[in-house]
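I am keeping these notes for someone opening this structure without background. Each entry records what I looked up and what I found.

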Number of protein chains: 2
Amino acid sequence: MTAQAAGVSVAVSTVIFALRPSPHDGRMTVWLPLVRRIREPFDGRWALPGGPLEADEDLAASAARTLAETTLLTPQYLEQLYAFGNTDRSPGERVVSIVYWALVRSDEADVAVETENVRWFDADSVPELAFDHNLIVEYALWRLRNKLEYSHIASAFLGDTFTLSELREVHEAVLQKPLDPANFRRQIESSGQVVPTEHLKTGGRHRPARLYRYNTAEPDPSNGPLGTRQPSAPKDAS
Amino acid sequence: MTAQAAGVSVAVSTVIFALRPSPHDGRMTVWLPLVRRIREPFDGRWALPGGPLEADEDLAASAARTLAETTLLTPQYLEQLYAFGNTDRSPGERVVSIVYWALVRSDEADVAVETENVRWFDADSVPELAFDHNLIVEYALWRLRNKLEYSHIASAFLGDTFTLSELREVHEAVLQKPLDPANFRRQIESSGQVVPTEHLKTGGRHRPARLYRYNTAEPDPSNGPLGTRQPSAPKDAS
DNA sequence: CCAAAAGTGTTGGCAGTACACCCATGA
DNA sequence: TCATGGGTGTACTGCCAACACTTTTGG
């Protein structure tokens, strides 16, 4: 007995976020890559990258794979967003989509490829997408902005070390509002999420800034018992 | 091309929470119903209620259906928890489980049926379950305790009207710690989540307590763009 | 009257905000 | 030297925990 639910197929899609300078004012904003559909339904429309789940592939691994296939990048952060499975979300077919959201480093995203069928869009002005993908993007953006305030994810947009100004720029770009540098500094420092290094960043026409690193000892309180353990790490004792 | 991912089947399971008095000290604690498996794998083990997803059934509808089948109750609250889909979570078969969690009224749960193959367990001392269901229960409990602090879900354990003491008892039972009645009152009242009624509850050997009702006007900020609206959930008649 | 829970008042600590101010560098 | 961002100090405000106190019922 296969217990295979008749007619229900499983797909995995991923909302991939990166920060890029806006073409207008040059300020950093949130962007995401979309792929153009090349068949029905919704032929020609933009959609989230993804595809059917392979039988021998974990959910997060599938998300990481399609992410790499579309952007040639590896995610700094990857987390499940939601499972969308309404009966009417795909015309003529029953598809349950397990959607992940990912963060990639902004400097890497700058050089990411764009082709005829892969393009980056400003997250706050995406076109009309295929399926229910507009709702999915909206929800992912909401989660990103929400989670930024109580988690450590901002560093996923940056490299190994960074100044507090760079970290603040990330917050400002995601939350779309300016933050007081003094208060931001104290907030981050007292949270224990970051740890100062010996090095400074020079080169600006101003006092050099201390470089910080992420505090790997400090636990991320965000996901509870599921932890932040990432793609293809299906192991968990206890 | 059917796009049917070969060998991947979809199931929906539900973690159902209710408050019941502890058999030891009589204090209210969190309980959940489990069903005994009657075939391999894990024959004889306790497991979460659930079953394969029907092709013409929305995810939340499937969760509500199995909930009704096992407890004869309708949920006051129902929300998706997570999709579990590791390749090794079910021996010999690839199953992706979309798991929901639900809250049912405590007074209804008191009279819920128990049979040979359906039994209620204290949520903090469940036995060793089938599949990865121990992890799922642990995660659902974490979400419940977490969400209680920034959402409106506590009232789902109660009837239409309730005293602030009753609401506080719910919080104390879920969070497993006593709360200051005075501060709890102000916190709840200032949140605008509840609204006082004209009626009082008499009968105790003490001053009567005002009955409150849930404020349906106030939005629940918990789920963002997805809202608390549950796809084709057979409730929410008010 | 007393016991017990309903409900109000008051205080102190702590976190977030606004903003003034000094420091170190490149040009 | 000046402009610019790095970094510190400080006062104000609002929320929350603690707890003393008053109110209203049943017995």
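**Entry 1. The surface near DNA strand D**

I sorted the residues near DNA strand D by class and got 5 nonpolar, 6 polar and 10 charged residues. The model is a predicted one, and I read every value below as computed from it. Around strand D there are 21 residues, and those that come nearest are S165(A), R185(A), R186(A), H206(A) and N183(B). Of the strand D atoms that come within 4 Å of the protein, 56% belong to sugar and phosphate.

I then looked up single polar contacts. R210(A) has a backbone N or O atom 3.1 Å from a phosphate oxygen of DNA strand D. R186(B) places a polar side-chain atom 3.3 Å from a base nitrogen of DNA strand D. A base oxygen of DNA strand D lies 3.5 Å from a backbone N or O atom of R205(B). Which elements give two or more residues to the surface near DNA strand D? I noted α4 (164-175), α5 and β10 (209-214) of chain A, together with α5 of chain B. The most comes from α5(B), which gives 4 residues.

**Entry 2. The surface near DNA strand C**

I repeated the search for DNA strand C and found 20 residues around it, the closest being N183(A), P208(A), S165(B), R185(B) and R186(B). Sugar and phosphate make up 58% of the strand C atoms that come within 4 Å of the protein. By class, I counted 5 nonpolar, 5 polar and 10 charged residues on the surface near DNA strand C.

For contacts, I wrote down three. In R185(B), a side-chain N or O atom is 2.8 Å from a phosphate oxygen of DNA strand C. In R186(A), a polar side-chain atom lies 3.4 Å from a base nitrogen of DNA strand C. In P208(B), a backbone N or O atom is 3.4 Å from a sugar or linking oxygen of DNA strand C. The elements giving two or more residues to the surface near DNA strand C are α5 (181-191) of chain A and, from chain B, α4 (164-175), α5 (181-191) and β10 (209-214).

**Entry 3. Domains of chain A**

I checked how chain A is divided: the domain assignment gives domain 1 (9-148) and domain 2 (153-222). Their centres, taken over C-alpha atoms, are 27 Å apart. Contact between them involves 18 residues of domain 1 and 13 residues of domain 2.

**Entry 4. Nonpolar cores**

The largest nonpolar core has 89 residues, and F17(A), I98(A), L144(A) and I98(B) have the most contacts inside it. Strand β1 (residues 8-21) of chain A gives the most to this core, with 8 residues. I followed I98(A) further: beyond four places in sequence, the residues touching I98(A) include V10(A), L59(A) and Y82(A) from chain A, and A83(B), V96(B) and I98(B) from chain B. Apart from this core lies another of 41 residues, among them W46(B), F84(B), F121(B) and A123(B).

**Entry 5. Two residues of chain A**

Is S13(A) buried or exposed? S13(A) is found in strand β1 of chain A, and I list S13(A) as buried because its relative accessible area is 7%, under the 20% limit. Leaving out residues up to four places away in sequence, S13(A) touches L48(A), P49(A), G50(A), I98(A), V99(A) and Y100(A).

V137(A) lies in helix α3 (residues 133-148) of chain A. V137(A) counts as buried because its relative accessibility is 2%. V137(A) and V15(A) are 122 residues apart in sequence, yet their C-alpha atoms are 6.8 Å apart in space. With neighbours within four places in sequence left aside, V137(A) is in contact with L32(A), L48(A), A123(A) and L129(A).

**Entry 6. Backbone details**

I looked for cis peptide bonds and noted one from E40(A) to P41(A), with omega near -5°. P41(A) lies in the loop between β2 (28-36) and β3 (46-47) of chain A. In chain B, a cis bond joins E40(B) and P41(B), with omega about -5°.

I also looked for positive phi outside glycine. Phi of L72(B) is near 60°; L72(B) sits in the loop between α1 (59-71) and β5 (77-84) of chain B and is exposed, with a relative accessible area of 64%. Phi of F131(B) is near 55°; F131(B) lies in the loop between β7 (118-122) and α3 (133-148) of chain B and is partly exposed, at 23% relative accessible area.

Methods: Residues numbered from 1 in each chain as written. Chains lettered and ligands numbered in written order. Predicted model: local features only at pLDDT ≥ 70, side-chain atom pairs only at ≥ 80, totals over all residues. Heavy atoms only, no water. Near = heavy atom within 4 Å. Polar contact = N/O pair within 3.5 Å; in protein donor to acceptor, adjacent residues only side chain to side chain. Nonpolar A, V, L, I, M, F, W, Y, C, P; charged D, E, K, R; others polar. Core = buried A, V, L, I, M, F, W, Y, C linked by side-chain atoms within 4.5 Å. Buried < 20%, exposed > 50% of the residue type's maximum accessible area, 1.4 Å probe, protein only. Contact = heavy atoms within 4.5 Å. Domains from an automatic or database assignment.
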